[in-house]
Structures are given as C-alpha cells and as structure tokens.
Amino acid sequence: MASSVAFSHDFAFDPAYGYDAPDALLGIPAPPAPDGFDAFWQDRCARARAVDTRPVLGPVEEERDGVRIHGVTYTSVGGVRLGGWLALPAEGPVRYGFVVGHGYGGRQEPGRDLPAPLPGAAVILPCVRGMGERGRVDSIPDLAAEHVLHGIGSRDTYVIGDCAADLWCAASALTALVPELAEADLPGGPRLGYLGESFGGGLGALALPWDDRFGAAQLTVPTFGNHPLRLTLPCAGSGEAVRAHHREHPEVVNVLGYFDAAAAATRLTLPTLVAAALFDPSVPPPGQFAVHNALAGERELQVLTAGHFAYRGMVAEAAELDANRTRFFGERLTAVG
C-alpha cells in the first residue's frame, strides 16, 4: 500500500495514516479525561510511594561508557518483586538520577539507553511486571498482544496501571540505593529525569503528572495516546490487540479512558521533550502527536521520519536526538550538591 511518507513497505495499511507533514498532526487533540481521572491516579501514586521497595543491589555485571552496571531488584505494589539494572558512575560522585522505561516486549539488557544523557548520573532501568526475564510474573503474560489485555475489564485490575506503579517504585528504589538523590523527595531538591520510548513513553505520560520527584522527561514515540482515535487505526503493535478486543467488548472504552496518555499529558507540567514519528506501523503517529500536543507545561518536539521501522538516515536522526536529550536535560535538571 502506498504511503504518504515515501517508504516502500508491505503493510496492509498506511503507517503514516494519510499525514505527510507535522502541521496536521499538531492539531490532533487529547480526548477528555473521564470523571475521577485525577483522583484515580493520585491515589495509585500515593499507594505506590508508600511501598517499602527493599531494593537489593547486585554485583557489577558490566562496565562500559564510564558506568558500572549492576543487577537490581525491588518490590512494587502488590508485593511483586521486580528486577532490572542500576548504572552508577565508575568514577566520581553521583550528580543526577534517571528512571528509564522500556518498550513493549521488555528489556533483556541495558542496551543503548546507557550511557545516561548527563555525566555522573545514576540510572535505574526497571523491567515492569510481565515484561522480560527480570520482570516475569507467573500470572501475567509476557507477549505484548496478551499483556496489553491483562486485567482490562476494570480500571482497578488493568495491568497498565500497575506498570506505571512499577516506575514510581523504581524511583523509590533508586533514591533508596543512592543517598545523594534522596533530596528528590524534598521540596526544592534536585529532581529526577525520566526517559521512555514507545511503551515506556506512554507509561511515562501516565505516571509523571502525579510524582513531584521528577523534573524533566523525554518521551519517544509514546504509545497510548488518544485511545478513541487509536481504536480506528490499524497497526502492527499492541494497539491491534486492543482494537480486536474492543470489537467484541465495546464497553472497554470506559476503562481505556483512564489509561490515555494524551489525557494524562494535559496534567503533565514538567518540561518534556517528545520525539514523534511521521511514519510508524506499531504506534500510530496521530496518537504520538496527541501526547505532545496535550502537554500542559514546557514542551519541545523533535519530528522523526519514522518509528519502529528501519530507514536510511535513522542513525543520523538518533544522534541528533541524543544531542538534543543531553542539552535538554542539562538545561533543566539541577545537579546534586
């Protein structure tokens, strides 16, 4: 099928969805939040912040790029024990802290999320429940198309809410393990940074409005933006499983409204850098741009040619985004001490 963005592909739909420039995408709004949206998320965040995460730092598993990478485990809501990695500076003091969310499918290794945007950063890379070997939970499927439907019958049981809580608990584990960052819990203390791509980008939009420990964020090709629109758009990602479920259970829209990243972005006031793609078969670009457009605070946009798709020029665009990330966080986060 021909695409409005000039890529040859074998998808049975247009991964640009008829848009060939940012202008029209920048007009896509967020849907209204359902009644009780703020109270629902504030309560979930408060309960997650009250968890004794009991983090355990494992031995060094790798050293590269000026950091030592340890395994880490911590407790999240419901007593679920999760794992991931914690990267600490190989030399010198900790000056910044970051939580890094992963894409759908989980994280099998730290990957290119290290080194951190800023030198001297302590970085926790959690595996949220159900995703990856270190996030495995027996009762939760680890395939994205099944994971995204787990507990979807109720806002209180939907796994996406617990995954957001896993990020809040990861921040608690980070500040517990790295005392230099403890002031992130205090008014006026140095704030943490957040990075999330795809699934991690959507989770970040859902989680960040309610947690004052964070000072700036980057959301790359974020998912879960504008569910009413996403339900009309075919895709190759987890959203297609939600679309199929919706056809059989149209009432699920009442649950999805509480997990709309664009609706949450209308409450997100911290400075946020969004990298949104014009062509993306897995996360429809209109949903990505809806998240950016809805942001309530300072925002910055880098338009990517494509997401979840290999293309000529992607290495150069990734390098540009890395440079923008370093500048963005360097201008907005205050160093410890």
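The following exchange concerns the pockets, cavities, cores and selected residues of a predicted model.

Colleague: Which residues lie closest to the centre of the largest pocket?
Modeller: The largest pocket has a volume of about 960 Å³. Its lining comprises 44 residues. Those closest to its centre are Arg112, Asp113, Glu197, Thr220 and Val221.

Colleague: Which element gives the most to the lining of the largest pocket?
Modeller: At least two lining residues come from each of β4 (96–101), β6 (192–197), β7 (214–220), α7 and α11 (314–332). With six residues, the element that gives the most is α11.

Colleague: How many residues of the lining of the largest pocket are charged?
Modeller: The lining is divided among three classes, of which 19 residues are nonpolar and 16 are polar. The charged residues number nine.

Colleague: How many cavities of 30 Å³ or more does the model contain?
Modeller: Rolling a probe the size of a water molecule over the atoms shows where empty space is left. The largest cavity holds about 50 Å³ of space, and the second largest holds about 40 Å³. The count of cavities of 30 Å³ or more comes to two.

Colleague: Which helix gives the most to the lining of the largest cavity?
Modeller: The lining consists of His227, Arg230, Leu231, Leu233, Cys235, Gly239, Val242, Arg243 and Pro284. Both α6 (227–230) and α7 (238–248) supply at least two of these residues. The most, three residues, is given by α7.

Colleague: How many charged residues are found in the lining of the largest cavity?
Modeller: Five residues of this lining are nonpolar and two are polar. The lining includes Arg230 and Arg243, and arginine counts as charged. The number of charged residues is two.

Colleague: Which helices each supply at least two residues of the lining of the second largest cavity?
Modeller: This cavity is lined by Leu167, Trp168, Tyr194, Gly204, Ala207, Leu208 and Phe214. The lining divides into six nonpolar residues, one polar and no charged. The helices that each supply at least two of its residues are α4 (159–177) and α5 (199–207).

Colleague: Which helix gives the most to the largest nonpolar core?
Modeller: In soluble globular proteins, nonpolar side chains tend to be buried together. The largest such core in this model has 76 residues, and those with the most contacts inside it are Trp41, Val99, Tyr158, Ile160 and Leu174. The helix that gives the most to this core, with 12 residues, is α4.

Colleague: How many residues does the other core have?
Modeller: This core lies apart from the largest one. Among its residues are Leu114, Ala116, Val123 and Leu304. Its residue count is 26.

Colleague: What does tryptophan 41 touch, beyond residues up to four places away in sequence?
Modeller: Trp41 is one of the residues with the most contacts inside the largest nonpolar core. Leaving out residues up to four places away in sequence, tryptophan 41 touches Gly161, Ala164, Trp168, Leu206, Trp210, Tyr258 and Phe259.

Colleague: Is threonine 75 buried or exposed?
Modeller: Threonine 75 is placed in strand β2 (residues 67–75). Beyond residues up to four places away in sequence, threonine 75 touches Val51, Asp52, Thr53, Arg54, Val80, Arg81 and Cys169. Because its relative accessibility is 4%, and the cut-off is under 20%, threonine 75 counts as buried.

Colleague: With which side chain does threonine 75 make a polar contact of 2.6 Å?
Modeller: The side chain of threonine 75 makes a polar contact of 3.2 Å with the side chain of arginine 54. The polar contact of 2.6 Å is made with the side chain of arginine 81.

Colleague: What distance separates the C-alpha atoms of arginine 54 and arginine 81?
Modeller: Arginine 54 is placed in the loop between α2 (37–49) and β1 (56–64), and is partly exposed, with a relative accessible area of 48%. Apart from neighbours within four places in sequence, arginine 54 is in contact with Thr73, Tyr74, Thr75 and Arg81. Arginine 54 and arginine 81 are 27 residues apart along the chain, and their C-alpha atoms are separated by 9.5 Å.

Colleague: Which residue has its backbone oxygen 2.8 Å from a polar atom of the side chain of glutamine 288?
Modeller: Glutamine 288 is found in helix α10 (residues 285–294), and counts as buried at 0% relative accessibility. Beyond residues up to four places away in sequence, glutamine 288 touches Val221, Pro222, Ala275, Ala276, Ala277, Asp280 and Val283. The backbone oxygen 2.8 Å from a polar atom of its side chain belongs to valine 283.

How values were computed:
Residues numbered from 1 in each chain as written. Predicted model: local features only at pLDDT ≥ 70, side-chain atom pairs only at ≥ 80, totals over all residues. Heavy atoms only, no water. 1 Å grid on protein atoms, 1.4 Å probe; cavity = no way out; pocket = protein on both sides within 12 Å on 5 of 7 lines; lining within 4 Å. Points joined across faces, edges and corners; volume = space filled by probe spheres on them. Helix = DSSP H or I, 4+ residues; strand = E, 2+ residues; numbered from the N terminus. Core = buried A, V, L, I, M, F, W, Y, C linked by side-chain atoms within 4.5 Å. Buried < 20%, exposed > 50% of the residue type's maximum accessible area, 1.4 Å probe, protein only. Contact = heavy atoms within 4.5 Å. Polar contact = N/O pair within 3.5 Å; in protein donor to acceptor, adjacent residues only side chain to side chain.
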